[in-house]
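Hi,

Here is the structure I promised to pass on to you. Have a look at it first, and my notes follow below.

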Amino acid sequence: SIQFLKKNNSNKNIDSMRKVTKALVIGVGLGFVTGIVLFAISFKIISIDERGVFFDEFVQSLESGYRGSGRYLIGFTNSFIKFPR
């Protein structure tokens, strides 16, 4: 009887650990996918016939000067105000 209770309790602990591990793997996976998506949308492109002024949407400010054509990693809360050359 005591052996059965110990075995049953052990199985409950293993099941509990599996649930925690599964939740942890799902959480890390979702965090990884979210990070990849945020990284991907952080790139902005200025085409060859444009110039851009960096605009920080979080603090609502413009950067002095302009940037030429190219691909920039500026963050997902920032953008460019584009002008023709």
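I started with Tyr66, which sits in the loop between strand S3 (61–62) and strand S4 (70–73). Please keep in mind that this is a predicted model.

Which residues does Tyr66 touch, leaving out those up to four places away in sequence? They are Arg51, Gly52 and Val53. With Arg51 there is also a polar contact, side chain to side chain, at 3.3 Å. As for Gly52, its C-alpha lies 5.4 Å from that of Tyr66, although 14 residues separate the two in sequence.

Ile46 meets some of the same stretch: Arg51 and Gly52 are among its contacts beyond four places in sequence. The others on that list are Arg67, Gly68, Ser69, Gly70, Tyr72 and Phe80. Ile46 also belongs to the largest nonpolar core, together with Phe54, Tyr72, Ile74 and Phe80, which makes 5 residues. In soluble globular proteins, nonpolar side chains tend to be buried together.

Now for the chain as a whole. It has 1 helix and 5 strands, and the order from the N terminus is α-β-β-β-β-β. Of its 85 residues, 14% count as buried. The exposed area comes to about 7000 Å², with 65% of it supplied by carbon and sulfur atoms. Among contacts with a separation of 6 or more, 57% join residues 24 or more positions apart.

Happy to talk it through whenever suits you.

Best wishes

Notes:
Residues numbered from 1 in each chain as written. Predicted model: local features only at pLDDT ≥ 70, side-chain atom pairs only at ≥ 80, totals over all residues. Heavy atoms only, no water. Helix = DSSP H or I, 4+ residues; strand = E, 2+ residues; numbered from the N terminus. Buried < 20%, exposed > 50% of the residue type's maximum accessible area, 1.4 Å probe, protein only. Contact = heavy atoms within 4.5 Å. Areas by Shrake-Rupley, 256 points an atom, 1.4 Å probe, with all protein chains shown as cover. Core = buried A, V, L, I, M, F, W, Y, C linked by side-chain atoms within 4.5 Å. Polar contact = N/O pair within 3.5 Å; in protein donor to acceptor, adjacent residues only side chain to side chain.
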